Amino acid sequence: QVQLVESGGGMVQPGGSLRLSCASSGRTFSTDAMGWFRQAPGKEREFLAAIRWSGGTTYYADSVKGRFTISRDNAKNTVYLQMNSLKPEDTAVYYCAAGSRDFTIFGSWGQGTQVTVSS
């Protein structure tokens with residue numbers, strides 16, 4: 001069983017930046033990739049980005065491409081989401097998840113961290 005703990009959320013002004021972290025523990029060898037998702041009030045959960053532990057191949061949703069960057073530190077079993085040029089519509093609870101190599105199945109989820117973009 002993989003345990004995931006997100007951190008780094010908070011409140012930021014429009015145009016600002018935040019870096020989210022997701023620490024993974026447990027059976028990390030059973031997952032091939034990690035992803036970031038978000039869910040705003042009244043909306044469905046939205047895929048943002050994913051990365052493979054081996055090789056670092058990444059994949060982004062068009063909505064965040066160019067503003068968000070996913071990265072990983074294999075030695076720390078930690079995945080990051082650098083978010084720049086934040087907008088009020090980026091306000092949501094952000095989740096990390098462990099998943100399949102092809103980024104299609106995510107089975108273990110963190111508890112989420114709140115990001116609020118407001119002036």
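This is a short walk through one chain, from its sheet to its cores and then to a few single residues.

Before the details, two remarks on the source. The model is predicted, so local features need pLDDT of at least 70 and side-chain atom pairs count only at pLDDT 80 or more, while totals for chains, interfaces and linings use all residues. Residues are numbered from 1 along each chain as its sequence is written, and side-chain values use heavy atoms, with hydrogens and water left out.

I start with the strands. Strands here are DSSP runs of E with at least two residues, numbered from the N terminus. Two strands pair if DSSP finds at least two bridges between them.

One open sheet has four strands in the order β1-β3-β8-β7, and the pairing is antiparallel. β1 and β7 are the edge strands with a single partner each, so one side of each has no neighbour in the sheet. From one strand to the next, the twist averages 20 degrees; the angles run from 0 to 180 degrees between N-to-C directions, with axes as lines fitted to C-alpha atoms.

Inside that sheet, β3 and β8 are antiparallel and share six bridges. Leu18 faces Met83 of β8 there. On the other side, β7 and β8 also pair in the antiparallel sense, over six bridges, and Ile70 stands opposite Leu81 in β8.

The β7 and β8 hairpin has four residues between its strands, and Asn77 takes a positive phi there, near 50 degrees. As a general point, most residues other than glycine have a negative phi. Asn77 sits in the loop between β7 (68-73) and β8 (78-83). Is Asn77 buried, exposed or partly exposed? Asn77 counts as partly exposed because its relative accessibility is 27%. For the cut-offs, buried means under 20% relative accessible area, exposed means over 50%, and partly exposed lies in between, with a 1.4 Å probe and protein chains only.

Next comes β4. Six of the seven residues of β4 are buried, so the strand is largely enclosed by the rest of the structure. β4 pairs with β5 in the antiparallel sense over six bridges, and there Phe37 has Phe47 of β5 as its bridge partner. The hairpin of β4 and β5 has six residues between the strands, and in it Gly42 takes a positive phi near 80 degrees. β4 also pairs with β9, antiparallel, over seven bridges. In that pair, Gln39 stands opposite Val93 of β9.

Now the interior. A nonpolar core is a set of buried Ala, Val, Leu, Ile, Met, Phe, Trp, Tyr and Cys residues joined through side-chain atoms within 4.5 Å. Which residues of the largest core touch the most other members? The core has 28 residues, and the ones in question are Met34, Trp36, Phe68, Ile70, Leu81, Met83 and Tyr94. At least two residues come from each of β1 (2-7), β3 (18-26), β4 (33-39), β5 (46-52), β7, β8, β9 and β11 (113-117). The most, four residues, come from β9. Apart from this core lies another, of six residues, including Ala50, Ala97, Phe103 and Phe106.

Met34 is worth a look on its own. Contact means heavy atoms within 4.5 Å. Leaving aside neighbours within four places in sequence, Met34 is in contact with residues including Leu4, Cys22, Ile51, Ile70, Val79 and Phe106.

Phe103, from the other core, is in the loop between β9 (92-99) and β10 (106-109). Phe103 has a positive phi, near 65 degrees. With 15% relative accessibility, Phe103 counts as buried.

Last, two charged residues in loops. Arg67 lies in the loop between β6 (58-60) and β7 and counts as buried, at 13% relative accessibility. The side chains of Arg67 and Asp90 are joined by a polar contact of 2.8 Å. A polar contact is a pair of N or O atoms within 3.5 Å; within protein, one must be able to donate a hydrogen and the other to accept it, and residues adjacent in sequence count only if both atoms are side-chain atoms. Not counting residues up to four places away in sequence, Arg67 touches, among others, Gln82, Met83, Asn84 and Asp90.

Glu89 is in the loop between β8 and β9. Its relative accessible area is 55%, so Glu89 is exposed. The C-alpha atoms of Glu89 and Tyr60 are 17 Å from each other, with the two residues 29 apart along the chain.
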